[in-house]
Amino acid sequence: VANHLSQLAGDLHGTIYINGSPSSPQITGGATITDAAVRVTYCNTLYQVSGALTFADQVINVTNLYLSDDQQGKAVLQGSIAHKGFGDFQIDATGSMKNFRLLNTTAKDHEYFYGTGILSGDLTASGPVNNMEVCLKAKTDPGTNIFIPVRGASNTVAQYDFIRFVNFKTRYQDKAAQTKQVALQGFKLVLLLEITPDAHTGLILDAKAGDTIKGRGKGNIKLE
């Protein structure tokens with residue numbers, strides 16, 4: 001969990017019963033989260049959190065967990081977290097979001113892309129926390145700005161296999177070439193994203209000279 005979340009803070013109020021041995025405690029009861037915050041490390045997004053939890057035998061149930069960003073974007077999550085003595089956590093959750101900031105990174109955070117991603121849609125997450133399967137179906141909202149830097153004088157756009165210039169008249173005839181694989185560590189991602197003209201993208205050829213190709217459009221992206 002520490003690899004994915006940071007700046008955990010807040011209050012937990014409720015009644016909790018602890019039975020069993022110190023090495024294998026049995027915890028039951030319920031609690032309410034108030035004035036809480038958490039930062040998602042990979043996305044560099046800080047959220048305010050509130051909601052309710054119930055504790056049963058080796059499982060934590062989340063009735064409704066409310067998250068908000070600093071731009072009044074909202075999300076709500078439901079589900080459960082199974083565990084073995086508060087280890088080997090397994091996630092099973094669903095959620096929805098509206099104008100929610102899911103990405104807030106700079107060039108120092110990620111080598112291949114960075115920027116602000118604001119989305120509305122639904123998600124599911126399941127599996128162990130160190131190898132989760134996440135499916136997100138969403139559309140871009142106003143305020144979305146993604147930048148892709150092309151680093152180094154010896155690098156060209158052609159060396160980046162996730163960037164392709166296509167002939168729009170023949171793009172549907174080259175389905176096989178449109179499929180690319182990107183290795184992700186720590187989770188499996190399925191992204192079904194509807195791109196709207198609200199989203200802006202910049203291909204940075206030379207950051208010092210301000211040489212950038214900017215554009216926007218509409219379409220659908222599927223990443224697995």
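These notebook entries record what I looked up in one predicted model.

**Entry 1: the chain as a whole**

I began with the secondary structure. The chain has 13 strands and zero helices, and from the N terminus on I read its elements as an unbroken run of β. I then turned to burial: 31% of the 224 residues count as buried. For the accessible surface of the chain I noted about 14300 Å², with 55% of that belonging to carbon and sulfur atoms. Among contacts with a separation of 6 or more, 48% are between residues 24 or more positions apart.

**Entry 2: the nonpolar cores**

Next I looked up the largest nonpolar core. It has 22 residues, and the members that touch the most others are Val49, Leu67, Met97 and Leu136. I listed the strands that each supply at least two residues of this core: strand 2 (24–40), strand 3 (45–56), strand 4 (59–68), strand 6 (90–104), strand 7 (114–128), strand 8 (132–140) and strand 10 (187–195). Strand 2, with five residues, gives the most. I also found another core lying apart from this one; it consists of five residues, including Ile91, Ala93, Val129 and Met132. As a general note, nonpolar side chains in soluble globular proteins tend to be buried together.

I then took leucine 67 by itself. Leaving out residues up to four places away in sequence, I recorded that Leu67 touches Tyr47, Gln48, Val49, Gly73, Lys74, Ala75, Leu77 and Phe100.

**Entry 3: serine 120**

Is serine 120 buried or exposed? Its relative accessible area is 10%, and because the cut-off for burial is under 20%, I entered serine 120 as buried. The residue is placed in strand 7. I traced its side chain to the backbone nitrogen of asparagine 99, which it reaches at 2.8 Å. With residues up to four places away in sequence not counted, serine 120 touches Met97, Lys98, Asn99, Lys137, Ala138, Lys139 and Asp141.

**Entry 4: lysine 98**

From serine 120 I moved to lysine 98, one of the residues that serine 120 touches. Lysine 98 is in strand 6. Its relative accessibility is 52%; the cut-off for exposed is over 50%, so I entered lysine 98 as exposed. Which residues does lysine 98 contact, leaving aside neighbours within four places in sequence? I found Gly73, Lys74, Leu119 and Ser120. I also looked up lysine 98 against glutamine 72: they are 26 residues apart along the chain, and their C-alpha atoms are separated by 9.4 Å.

Technical notes. Residues numbered from 1 in each chain as written. Predicted model: local features only at pLDDT ≥ 70, side-chain atom pairs only at ≥ 80, totals over all residues. Heavy atoms only, no water. Core = buried A, V, L, I, M, F, W, Y, C linked by side-chain atoms within 4.5 Å. Buried < 20%, exposed > 50% of the residue type's maximum accessible area, 1.4 Å probe, protein only. Helix = DSSP H or I, 4+ residues; strand = E, 2+ residues; numbered from the N terminus. Contact = heavy atoms within 4.5 Å. Polar contact = N/O pair within 3.5 Å; in protein donor to acceptor, adjacent residues only side chain to side chain. Areas by Shrake-Rupley, 256 points an atom, 1.4 Å probe, with all protein chains shown as cover.
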